[in-house]
Structure formats: structure tokens, C-alpha cells
Amino acid sequence: MRTQPVLACGRALRTLLVILFVAAGLGGVFLATAPAALAQDAGAVPGNALGNSSDSNFWRAIRQGESGNVSLPNQQAGVLIQSNGEDWRIWRNGPLKFWGGIALVGMLALLALFFALRGRIRVDHGLSGRTVRRFNGFERFAHWLTALSFVVLGLTGLNLMFGRELIIPLLGKEAFATITQAGKYLHNYVAFAFMIGLVLILVLWIRQNIPNRYDLIWLVKAGGMLGGRKHPPARKFNAGQKILYWLVIIGGISISLTGLGLMFPFEISYFEGTFRLLNLLGLDLPTSLSATAEMQLTQLWHAIVGIGLIVVIFGHIYIGTLGMQGAFDAMGSGDVDENWAREHHSVWMDEIGRQPGAGDD
């Protein structure tokens with residue numbers, strides 16, 4: 001009775017083996033009779049593709065960023081390898097981060113050394129108790145709008161550059177991610193306040209920051225900063241303040257333009273045209289840049305100018321607070337002590353006289 005199931009299983013197994021042999025035979029016949037266009041010979045693949053053959057010029061073009069054809073709306077997807085991305089990463093995480101950090105820390109160290117050697121610059125004849133109006137309310141508003149927005153931009157920008165190394169070890173990755181995301185939105189929106197402030201101080205003070213004959217004397221004597229009781233003559237703004245003003249205006253315009261380029265990616269190109277102009281001076285800069293390369297250069301220049309402005313503003317904050325007695329009052333209340341004004345801006349004091357409300361211009 002038990003032999004019947006065994007025989008049935010045997011017959012089923014033989015039937016399965018026959019089916020497999022027949023299928024294999026049919027497959028062999030199909031491959032043997034396939035058209036020559038479908039055959040592979042030494043790596044050749046249908047459709048004129050390279051297969052496992054190598055074409056050095058073909059791969060060299062891809063490595064150099066040659067763009068192919070894509071059906072996607074984003075034509076940037078046609079670039080398989082963007083070699084400039086590696087150069088950007090090396091520059092950003094290498095020389096820019098290293099020398100930028102050196103510049104920032106170095107400036108703070110120099111200011112600390114200067115304060116240790118020179119001390120606070122005091123009013124030589126003491127405070128008189130009489131004040132003169134130096135900046136009116138609207139001027140102070142323009143200054144503080146520019147200054148406070150720049151502080152926010154500086155801190156959020158420095159976080160993007162150095163936050164991974166400084167914040168993650170202290171607060172952890174989740175805190176860094178939260179801070180950086182909030183900082184990104186702050187950076188993007190506060191940037192417009194900085195641009196408005198920049199326009200205001202340009203219009204308000206450009207006339208008074210044109211160089212004049214007193215500036216050379218001020219520079220030769222280093223503004224009396226190194227010692228001595230005799231301060232060089234100056235009008236409303238001395239040579240040092242004028243240098244700061246034009247650095248902020250020029251640097252601020254540059255960083256605003258590149259910031260707009262980063263906020264609206266692939267929409268604004270600055271460097272291709274700029275390089276063409278610079279090449280007229282004998283340079284040999286690339287004048288055919290991809291949209292991605294434009295973005296990378298924009299980011300690098302934005303960071304360079306930003307760090308440079310922060311270094312300069314460190315000095316401005318020092319002089320306006322700890323470094324010089326009476327200086328903060330100019331942008332605090334708008335009124336400065338008369339002796340301070342005569343020591344640091346003697347020509348300006350002679351021009352405005354001592355009438356009530358003088359100095360509003």
C-alpha cells in the first residue's frame with residue numbers, strides 16, 4: 001500500500017526533470033539564433049555604449065564637468081561629476097577656516113595687548129560736564145540698526161563656519177542642529193535690516209567721510225592713540241573713522257550682493273563677468289563658469305568678506321566702549337563732553353561753535 005505514493009512521487013520528479021531539460025534546450029536555441037546586433041563581443045554593448053571598454057577622453061570630460069542631456073527641468077542634473085565642488089570643500093574647510101580663525105582670535109589678542117600696554121584713552125583735561133550734540137536720533141537709529149543686525153549676522157555666520165567644532169562638543173548634535181536651523185532663518189531675514197541700515201548710513205554720512213587735508217596729519221600721528229597729550233586735528237570724522245566707514249560701505253555692499261546670490265541660488269551670477277574685467281588687467285581667470293561654480297565662489301567670497309568685516313568691527317567696538325573714555329556717548333545719548341570733542345575733533349568743534357543744539361548736522 002505504501003509503494004503507490006512513492007511511485008507517484010517518482011513519476012512527478014521525472015516529469016519535472018524533463019520540463020527543465022526542454023526549457024534549457026529551447027533557451028540555447030534562442031541564444032544561438034539571436035540577431036548579431038544583440039551579441040556581446042569583447043565588452044561591446046548594444047546601442048553604441050562603451051560596455052567594459054575604456055575611453056580616456058570620455059571619462060576625462062565627465063571628470064572635468066562636461067554636461068550631458070537630461071529630461072529633468074533641472075539641467076544641473078546633467079553634470080555627473082562637479083570637480084570644483086572638491087576644490088570648494090578644500091578651500092572652505094582648509095585655508096578659509098584656518099586663516100579666518102587666526103584673524104579673529106589674532107585681532108582679539110592684539111586688542112587685549114594694546115589695552116594692557118596703552119590702557120584706556122582718557123580725556124586729558126577731564127570731563128567738563130558740558131555736552132555738545134554729535135549725532136541726532138535718526139543718525140543713531142541708522143547706526144544701531146546696522147550694528148545690531150550685523151551682530152546677529154556675524155554670530156549666525158560664524159556658527160555655520162565654526163559651529164561643528166565648537167558647539168557640538170559642548171552642547172551635542174541636536175542642540176547644534178536646533179541653533180543652526182534657527183540661525184539660518186535669522187540670517188536670511190535680518191540681512192534685509194542690515195541692507196537698509198547700510199543705505200541709511202551711506203546717505204547720512206558720505207559727505208562727511210570724503211578725505212580732506214587733516215586726514216594725512218591724523219594718520220602720521222596715528223590719531224594720538226599711541227600716547228602723548230596732543231591729539232591731531234579732525235573734523236566730524238577723523239581718518240580712522242573714515243577708513244572704517246568705507247570698509248563697512250564697500251564690504252557691506254559686497255556681502256549684501258553675495259548674500260542675495262546665496263538666498264536665490266542659480267539666479268544671480270557675479271564672477272564670470274567680474275573675471276572678464278579682471279582679465280583685462282593681465283590676469284588669467286576662468287570666464288566660463290557653471291551655475292554651481294558661481295554658487296561656490298559666491299559662498300567663499302561671502303565668508304571671506306564677512307570674516308574681514310567682523311575683524312574690523314572688533315576694533316570699532318573696542319574703541320567705542322572699553323578703549324576710549326566718552327566715546328560711547330556719541331551713539332548712546334548722542335551728546336559728547338565738550339572736552340572730549342575738542343581733543344578728538346577740534347576742527348569740527350571750531351566749525352559748529354558753542355550754540356545750543358550745535359552739531360546736529
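**Helix packing and local detail in a predicted chain**

Helix α6, which spans residues 173-205, packs against helix α8, residues 239-263, at an angle of about 145°, and the two axes lie 10 Å apart. The coordinates examined here are those of a predicted model. In this pair, α6 passes α8 in a left-handed crossing. On the α6 side the residues that meet α8 are N188, A191, F192, F194, M195, L198, I201, L202 and W205, and their counterparts in α8 are Y245, V248, I249, G252, I253, I255, S256, L260 and M263. Sorted by class, this contact comprises 15 nonpolar and 3 polar residues, with no charged residues.

Helix α6 also takes part in a second packing arrangement. Its axis and that of helix α4, residues 137-166, come within 7 Å of each other and cross at roughly 145°. The crossing of α4 and α6 is left-handed. The residues in the contact of α4 with α6 divide into 21 nonpolar, 11 polar and 2 charged. In general, two packed helices are described by the angle between their axes and by the distance between those axes.

The helices may next be set beside the annotation. An unreviewed UniProt entry lists residues 98-121, 141-162, 186-206, 243-266 and 300-319 under "transmembrane region". In the model, residues 186-206 are 95% helix and 0% strand, with 29 Å between the end C-alpha atoms. For residues 300-319 the chain is 100% helix and 0% strand, and the C-alpha atoms at the two ends are 30 Å apart.

Helix α10, residues 291-323, contains F314. Which residues are in contact with F314, once its neighbours within four places in sequence are left aside? They are L104, M107, L108 and L111. The pairing with L111 joins positions that are 203 residues apart in sequence, yet their C-alpha atoms are 8.5 Å apart in space. F314 counts as partly exposed because its relative accessibility is 23%, whereas a buried residue would have to fall under 20%.

Two loop residues deserve attention for their backbone geometry. A222 lies in the loop between α7, residues 213-220, and α8. Its phi is near 55°, a positive value in a residue other than glycine. A222 has a relative accessibility of 28% and therefore counts as partly exposed. On the other side of α8, the loop between α8 and α9 (271-279) holds F266. The phi of F266 is near 65°, which is again positive in a residue other than glycine. With a relative accessibility of 48%, F266 is likewise classed as partly exposed, since exposed residues are those over 50%.

The description may close with the chain as a whole. Its secondary structure comes to 13 helices and 2 strands. Of the 361 residues in the chain, 32% are buried. When contacts between residues at least 6 apart in sequence are considered, 73% of them join residues at least 24 apart. The accessible surface of the chain amounts to about 22,700 Å², and carbon and sulfur atoms account for 68% of that area.

Key. Residues numbered from 1 in each chain as written. Predicted model: local features only at pLDDT ≥ 70, side-chain atom pairs only at ≥ 80, totals over all residues. Heavy atoms only, no water. Axes fitted to C-alpha atoms, helices over the stretch in contact; angles between N-to-C directions. Helix = DSSP H or I, 4+ residues; strand = E, 2+ residues; numbered from the N terminus. Left-handed = near helix turned anticlockwise from the far one by under 90°. Contact = heavy atoms within 4.5 Å. Nonpolar A, V, L, I, M, F, W, Y, C, P; charged D, E, K, R; others polar. Buried < 20%, exposed > 50% of the residue type's maximum accessible area, 1.4 Å probe, protein only. UniProt positions renumbered as here; feature names shortened; annotations may be inferred. Areas by Shrake-Rupley, 256 points an atom, 1.4 Å probe, with all protein chains shown as cover.
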